[in-house]
Amino acid sequence: MNLKRITAVFTVLFLLQAQNVFAAKPPTQPNSYDGAPPMARSMAMGGAGAAFVPSHESYYYSSANLSNMAGGHIGAAVVALRTSDASPSRVSAADPSGQGLTAAYVIKDSGAFYWQALSDSHISYSDLDGGSHNVDTYINSLAFAMGQKNERGISFGLNISYLYGKIGESGFYGGGAQPYANIASGNGFAMDLSVMYPVAANVFVSMNFKNIAGFMFWDKYNVEQLPFTVRTGMAYVIGSSVLTMDWDKKFYRFGNLEENHYYMGMEQYLNRSICVRLGTAADSKFNMNTIKYTYGLGIRVRTYEFAFAGEQYNIDNKKFLKYILSLSASVF
């Protein structure tokens, strides 16, 4: 490489760095990158699933569980309805993943390729000077996950995600004297590592380290580091019954959101075709006003399953209801 090329490279790097120096913090929420249980099955079970070995949604909770998969599987989920008397901005802040298509996956043996909506939110707020602000955030993840089991039965997993999104801001400062508008695009990546071990017959434990490396590079904002998360879980799987419990610790980079959460869920097949699912989720304070209650139904026909799930809790002391539908199939 000649001197001119070296000079050009360093000039570009300097300009990019200079741009970041004067850029502002992106107007994302602390939980903008958290995502939500991707399919109706996992949502109906309270969002628990770190050690849920038979679940196709393992890519979201702990990719090490994929080491127990075989064959080909596909699936997709849609949030069909969200309803609440709370303000739309408060709903978006509490549940940023939004409505519509939220997840789709393809699994082949111990590898998974999937897409997931992390944020699709609109938040409006006013400041003390009389200004009004609107922020629209769209962030999606396109990822590959895989699991591998060693001779001792311990499974290890790797999840690598490509992130892409947009942020739109508009409003005015100081009572309308200074209107503004801004649109920014972002690209980033994240990496998770996980481990799973069968501690006894039909009993599994798993731990996932999410966003060990995770960054989002916005073209008009500072680089954003994703919150590191540790999730550990235990599952008891026997025949047509499943009981699973998780603990989750998020290390948010800013804000005052609760960082510790507990999840519990169960699944019971009534016959070969129909199963019922129940679950709950709570933060470390176990506030009865904010505990989530989930429920669902699965109908299996041959290699296809249609699943429904509902979730309810309170936002600003007002009931919030969310319904999700998903379709999955074992294709080969």
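In this predicted model, the side chains of Lys322 and Asp95 come together as a salt bridge, with N and O 3.2 Å apart. Lys322 sits in strand S15 and Asp95 in the loop between H4 and strand S2 (100-108), so this pair ties together parts that are 227 residues apart in sequence. Both ends are tucked away: Lys322 is buried at a relative accessible area of 3%, and Asp95 is buried too, at 6%.

Next up is Lys210, which pairs with Asp192 in a salt bridge whose closest N and O atoms are 3.8 Å apart. Here the link runs between strand S7 (residues 203-218), home of Lys210, and strand S6 (residues 178-200), home of Asp192, with 18 residues separating the two. Asp192 has a relative accessible area of just 4%, under the 20% cut-off, and therefore counts as buried.

Arg90 and Asp316 make another salt bridge, with 2.9 Å between the closest N and O atoms. Because Arg90 lies in helix H4 (residues 88-94) and Asp316 in the loop between strand S14 (304-315) and strand S15 (318-330), the pair ties together parts that are 226 residues apart in sequence. As for exposure, Arg90 is partly exposed at 38% relative accessibility, and Asp316 is likewise partly exposed, at 42%.

Then there is the overall tally. The model has 12 salt bridges. Some of the charged residues do not stop at a single pair: Arg41, Glu267, Arg277 and Glu305 are joined into one network by salt bridges that share partners.

Technical notes: Residues numbered from 1 in each chain as written. Predicted model: local features only at pLDDT ≥ 70, side-chain atom pairs only at ≥ 80, totals over all residues. Heavy atoms only, no water. Salt bridge = Lys/Arg side-chain N within 4 Å of Asp/Glu carboxyl O. Helix = DSSP H or I, 4+ residues; strand = E, 2+ residues; numbered from the N terminus. Buried < 20%, exposed > 50% of the residue type's maximum accessible area, 1.4 Å probe, protein only.
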